[in-house]
Amino acid sequence: MLKLIPGPPGYPIVGNLFDVRDEVPIQGLSSLADKYGPIYKLSFPNAFGGYEIVVISSVQLLEELSDEKRFHKVVSAGLDQLGGDGPQGLFRSSSEADPDWGQAHRVLVPAFGPLSIVDMFDEMHDIATQMILKWARKGPDHRIPVTEDFTRLTLDTIALCAMGYRFNSFYQEGMHPYVKAMISALTAANEPPSLFGILWNRTTGGKEKQLQEDRITMNTIANDVVRQRREHPTDKKDLLNAMIKGKDPKTGETMRTELITVNMVSFLTAGHETTSGLLSFAFTLLLKNPAAYERAQAEVDTIVGQGRVKVEHLKQFEYLNAVLRETLRLQPTAPAFSRGLQPGNDEAAPSLGGYAINRRTKILALLPRCHRDPEVYGADAHEFKPERMLDASFSRLPRSAWKPFGTGVRACIGRPFAWQEALLVMALVLQSFDLRLDDPSYELRIKQTLTIKPRDLYMHASPRNGMNATAIQRMMMADASSIPASGDPVSPQTPEQSRNLKDLLILYGSNTGTCQTLAQRLSADAERHGYHGKVMDMDAGIGPIQQQGLAVVITASYEGEPPDNATDFCRWIRNHNGKLGRLEYAVFGCGHSDWAATFQKIPTVVDEDLHQAGAKRILPRGFTDAAKGDIFGEFDTWADHQLWPALKGDEDSVSNTQAGRPGLDFEMYHEDRAAQLRQDVQEGRVEENKVLTAPGVDEKRHLEIQLPSTMVYEPGDYLAVLPLNPDLNVQRITKRYNIPSDAIIISKSNNSSTTLPNNTPISVISLLKGYVELAQPATKRDIRRLEEIATDEATRSALKSLASTDFASEVLTKRASVLDILENYPTLGLPFNELLSMLPPMRARYYSISSSPLVDAIRCTITYSVINKASYSGHGQFVGVASSYLRSLESGDPIRVTVKPANKQFHLPLKPDRTPVMMFCAGTGIAPFRGFIQHRVEMTKAGKKALAPAILFVGCWYSTGDRLYAEELDAWSKLGTVDIRPAFSQEKDDPDACGCAHVQDRMWKDRDAVSEMWEKGAKIYVCGNPGLANSVAETAKRMVREKLKEKGSDHIEEAMLKEWFTHQKGDRFVTDVFA
């Protein structure tokens, strides 16, 4: 008995149109696969084209679909719309029985043979050289638009190799008319379906009209190229001559001009799109995976060295081959292909995987999901691991586990061309440059036309080995012996250098922005100590640090691992023993002592590795402990009393710092203007903002946000929110300084490291609300400066104590800001410009997403506590910056956000039917687990096979007042999706709490259930403060001790127990801890 294919129910008239509303359709289809499993169907009624598609997403189903005797290629709607009347060419022909397809196939297959592709190598090298030299001449500060430049490269390459035509895309700012028409056609043909779009096209013909104009432009240009070749024939062995001169071995006929033209357009369009996407994704994945990047570059260095890359080198690039294969596994640039039943298929009851299918149904192979099938690729199927694609492993894969070029006789004819081009370009780029992302925290976002590519991807390219553009050009054209050891300077002399300031390279490693702020703070102070501070992240500093004589490194650890923008640096420095003999350096580390096992690990490693690399340590490593709450103060003390004296070598360095931080140079105007925010966030929209707790209990709220259309998320990810300061705090400053509400300010600072808008008018209100932190505790340096300007002895004496003996109790504990202190001592006359120079820049705040994209892929929710309590400093209420901002938002309000991925282990298991889940949380720590459970509920509703069990241990104060999402959780528990086990600290006698006040108490009480789940392979997730994480960990160890005693082990080595637990962390025991 054949089964019915599941799928979303759809709506009257529009069917499933609203179920695939993602701006990137392939992502919308993938989300539905999460919900409905490896096969589902979508229907679109006659009013909107009238068709049904079945979507598959497993290797097993793809293997069956690839049977050429039962199924054949069906042209996709987007590709079909690119064609017009007349011949359709190789890609768009509806059937292999089409005489035009047969003739073109027989003529062109030999033209794409191995020897023909090898003959195209020099022309490929020609175009690639143009791109390489453009990057080299622009210099390392040039922000490379990656997908755009690779599109120029691949389009110019296919045009030159296929038909001897040069678009010269790297020699002009604008686009060739053909390129403009092609991009317009691709966009129109592949725009995601929408009700408005369909109605507009049907009533106005707008889309078809635009497509027709674009087709005319492309065909006219292609016809001209064919005509010119016929009028001026050459002996060039390219595709155009193959089509003009080649005879069909079956009929003996040559191809007519119309058929040649349509195939030229197809090659130019499809041929450049897929390869540019492949290269863009490949370099993105390499830059996000430094070990793979390093291995790929090392392979190029070993095989080619500093000579010209030659065609015979390509077959030796085993690892680069694996990188390209793994890239196309994870991000197949043509992300789907359609199949249908062969016209001659006479099955009485057509089926696929045991499911009944309609004879006219299109079946879509969803490659990004098929290629990540955990049954084939395992639990790490989503991870980038080129090693799995090395020749030996690749040959053992099932036949249908990797099909980025399609399948059967209609598979991509240009695969050898694309592969040779991609290998060559990768080798040339890795040989010539050290690359870094423009935004080290960049997370892959997709844009889709005919193919998929990374969105908003930028990087920088620094010439390697001290070369300049001339040296790179010689290297690409000659042997290594002709290359000079170094090149001319890329950049002209800066104004700072012309003032004879010494260069100081300041590198930071930071995920949350703290170390970046410290680096900018140090750079702001550098000039008055005789230095020009150049700030960059550690990964970007790999090249510069090898050329510098002096550097300061400021970095943190994240569970013992480097920050995202320091991973390349840490790997690089580990392998450079004795090679930095010219460098003098200092290291400052940030950390939190609650994470005792990894406290200051990365700063310590970096300090030691720099020393091992031959660099001279200027002074012992400085550090700050965030647990003390005085990061900025401890940093200032280290800089003022250790770093600057060590660099200056005299005694007046410290006294110079007491002269006060230089004020920023401003002019004020009285004009209105809107806020100008520069941070890398996008605008979302608030949908709902509601209270979750009862009156009288600390307020916790739920915020629903419509995300920008390009953002995607998984349960467990974060939403970074850029807040605004509370109006109350802004008004305190404007009142103190008597600043009019419409005052305009223009920064005249020449300091390039300032984070405030420079030489740009901005309202004072906007600046204070959005650019600086007003509630940050004052530092000792700030207080010493206030002491200097005090006009009476009593104030000076009080401030002196505040900066020393009373600092911890009166400033850190009470979170007293500079503004608080100014209000405590109203006679202090601190100028407004100096106040601004003391205030740190505004930071984004991170919140765990508390929803599942299976409910709504374009909306997410966060769960947050509202901080509004009496200020310890004595100045009214202490209002949390981010929580007060979020609380003020109403439905329809804009909000600046971006999605940030969680630790890759802090996501649901890839095999939810096999891996049990245990979740531990308290308070708003429930946020990611609401998303987890919601995800499981949606999968259950969609009829997916039974899920492995899940338990939620959740701590609250009360059984009703602050039990967040109680009704939802109870309903989900009744569905069997999750087993809820609460603990109530103020009502532990409540029957539901089973006498447990805290989460760890409930864990211990239910230890038999926990042990049973663990034995079945469960994964444990913890979300909460460090105390909760430590308590859960200690309870787990206590359970192990008990089990060992039951087995007769009287003596238990604590070291062994600790080692066992450390081994589980990050794999089966993962935490998301917030202070």
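Helices, here runs of at least four residues that DSSP assigns as H or I, are numbered from the N terminus. In this predicted model, leucine 1057 has its place in one of them, helix H42, which spans residues 1054–1064. Leucine 1057 has a relative accessible area of 4% and is therefore buried, the cut-off for that class being under 20%. Leaving aside residues up to four places away in sequence, the contacts of leucine 1057 are with Lys1037, Val1040 and Arg1041. For one of these partners, lysine 1037, the position along the chain is 20 residues from leucine 1057, and the two C-alpha atoms are 7.0 Å apart.

A second region worth a visit is a sheet and the helix that accompanies it. Five strands make up this open sheet, arranged in the order E1-E2-E8-E5-E3 with mixed pairing. Its edges are formed by strand E1 (39–44) and strand E3 (71–74), each of which pairs on one side only. On average, and with direction ignored, neighbouring strands of the sheet are turned by 35 degrees against each other.

At the E1 edge, strand E2 (residues 51–56) runs antiparallel to E1, and 6 bridges join the two. Within this pairing, phenylalanine 44 is found opposite tyrosine 51 of E2. In general, the strands of a sheet pair through backbone hydrogen bonds, in either a parallel or an antiparallel manner.

Helix H1, made up of residues 25–36, lies across four of the strands: E1, E2, E5 (336–341) and E8 (362–366). Relative to E1, helix H1 runs at about 125 degrees.

Definitions and conventions. Residues are numbered from 1 along each chain as its sequence is written. This is a predicted model: local features need pLDDT of at least 70, side-chain atom pairs count only at pLDDT 80 or more; totals for chains, interfaces and linings use all residues. Side-chain values use heavy atoms; hydrogens and water are left out. Two strands pair if DSSP finds at least two bridges between them. Axes are lines fitted to C-alpha atoms, for helices over the stretch in contact, and angles run from 0 to 180 degrees between N-to-C directions. Contact means heavy atoms within 4.5 Å. Buried means under 20% relative accessible area, exposed over 50%, partly exposed in between (1.4 Å probe, protein chains only).
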